[in-house]
Amino acid sequence: MDARQKVQAVLKSEDSAYQIQKLTNVNSSIIIRLRNHTRSVDNLSLGTVEKLERYFDYHVKNENQNMPSSAQLSHFRHRLINLLQELYQLQQAKSEAVDALPDEKAMTAAIEQLFNDVIANKLELEHLETLYSSLLSNHEELTGEAK
């Protein structure tokens with residue numbers, strides 16, 4: 001599936017423009033204009049296309065694979081996607097810097113693979129969510145904070 005087909009699949013999904021914006025940082029007005037055919041996919045920046053492709057890869061494509069299985073897991077997965085995207089973008093900027101260390105590109109590739117493996121693996125995702133929930137509960141008990 002090429003980039004154009006992935007973007008089109010995101011646009012045809014039942015996800016709201018707001019939900020897509022929240023997970024990709026692509027302005028919802030862009031999504032709405034694309035859906036209304038008042039803006040062309042051909043006029044999107046490469047960065048926007050890449051964000052929408054990642055959204056397809058880690059959200060739309062997996063909708064038919066019975067994943068995630070709960071609202072809590074879905075919320076956790078979306079937060080994890082956002083954090084991993086930020087980490088990847090920061091690492092990519094480091095690897096493209098003039099004074100980049102020799103292993104920066106390898107680290108960027110490792111983060112990308114982690115992103116692909118964890119988000120697509122339901123069992124791994126459930127394990128991480130369980131660990132996250134447990135640590136959050138422990139923190140709340142120690143600090144007396146409410147959920």
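**A colleague's note on an all-helix predicted model**

1. Reading from the start of the sequence to its end, the pattern is α-α-α-α-α-α-α. That gives 7 helices and 0 strands. Please keep in mind as you go through these points that this is a predicted model.

2. A word on confidence before the details. The mean pLDDT of the protein is 83, and 90% of the residues reach at least 70. Among the elements, helix 3 (residues 28–35) has the highest mean, 92, while helix 6 has the lowest, 79. As a general caution, where pLDDT is low, the predicted coordinates should not be read in detail.

3. Now the overall picture. Of the 147 residues in the protein, 35% are buried. The exposed surface comes to about 9,500 Å², and carbon and sulfur atoms supply 52% of that area. If you take the contacts between residues at least 6 apart in sequence, 61% of them join residues at least 24 apart.

4. Helix 1 is a good place to begin looking. It covers residues 3–12, and K6, V7, V10 and L11 are buried there. Which way do these buried residues of helix 1 point, seen down its axis? They fall within an arc of 140°, so they line one face of the helix. The general background is that an α-helix has 3.6 residues a turn, so residues three or four places apart point the same way. The cover over the buried residues of helix 1 includes helix 2 (17–24), helix 3 and helix 4 (46–60).

5. While you are at this end of the chain, have a look at D2. One of its side-chain oxygens comes to within 3.2 Å of the backbone nitrogen of R4, at the start of helix 1.

6. Two loop residues deserve a glance at their backbone angles. In general, most residues other than glycine have a negative phi. N25, in the loop between helix 2 and helix 3, has a positive phi, near 65°. H37 sits in the loop between helix 3 and helix 4, and its phi is also positive, near 60°. Are these residues buried or exposed? N25 counts as exposed because its relative accessibility is 64%, over the 50% cut-off. H37 is exposed too, with a relative accessible area of 70%.

7. In helix 4 you will find E50. This residue is partly exposed, at a relative accessible area of 35%. E50 and T24 are 26 residues apart in sequence, and their C-alpha atoms are 9.6 Å apart in space.

8. How many aromatic pairs are there? The count comes to 1. The pair is made by F76 and Y132, and its geometry is tilted, with 5.1 Å from centre to centre and 40° between the planes. The two rings link distant parts of the chain: F76 belongs to helix 5 (residues 71–96) and Y132 to helix 7 (residues 122–143), 56 residues apart. Their surroundings can be compared through accessibility: F76 is buried at 10%, whereas Y132 is partly exposed at 33%.

9. Stay with helix 7 for a moment, since E129 lies there as well. Is E129 buried or exposed? E129 counts as buried because its relative accessibility is 11%, under the 20% cut-off. The side chain of E129 makes a polar contact of 2.8 Å with the side chain of S133. Setting aside neighbours within four places in sequence, E129 is in contact with Q72, L73 and F76. F76 will be familiar as a partner in the aromatic pair with Y132.

10. Last comes T108, in helix 6 (residues 104–120). T108 is buried, at a relative accessible area of 8%. Which residues does T108 touch, not counting those up to four places away in sequence? They are Y88, Q91, Q92 and S95. With S95 there is also a polar contact between the two side chains, at 3.5 Å. A friendly reminder when you look at this spot: helix 6 is the element with the lowest mean pLDDT, 79.

Note on methods: Residues numbered from 1 in each chain as written. Predicted model: local features only at pLDDT ≥ 70, side-chain atom pairs only at ≥ 80, totals over all residues. Heavy atoms only, no water. Helix = DSSP H or I, 4+ residues; strand = E, 2+ residues; numbered from the N terminus. Buried < 20%, exposed > 50% of the residue type's maximum accessible area, 1.4 Å probe, protein only. Polar contact = N/O pair within 3.5 Å; in protein donor to acceptor, adjacent residues only side chain to side chain. Contact = heavy atoms within 4.5 Å. Areas by Shrake-Rupley, 256 points an atom, 1.4 Å probe, with all protein chains shown as cover. pLDDT = per-residue confidence, 0-100. Phe/Tyr/Trp six-rings, centres within 6.5 Å; stacked < 30°, edge-to-face > 60°. Arc of directions from axis to C-beta.
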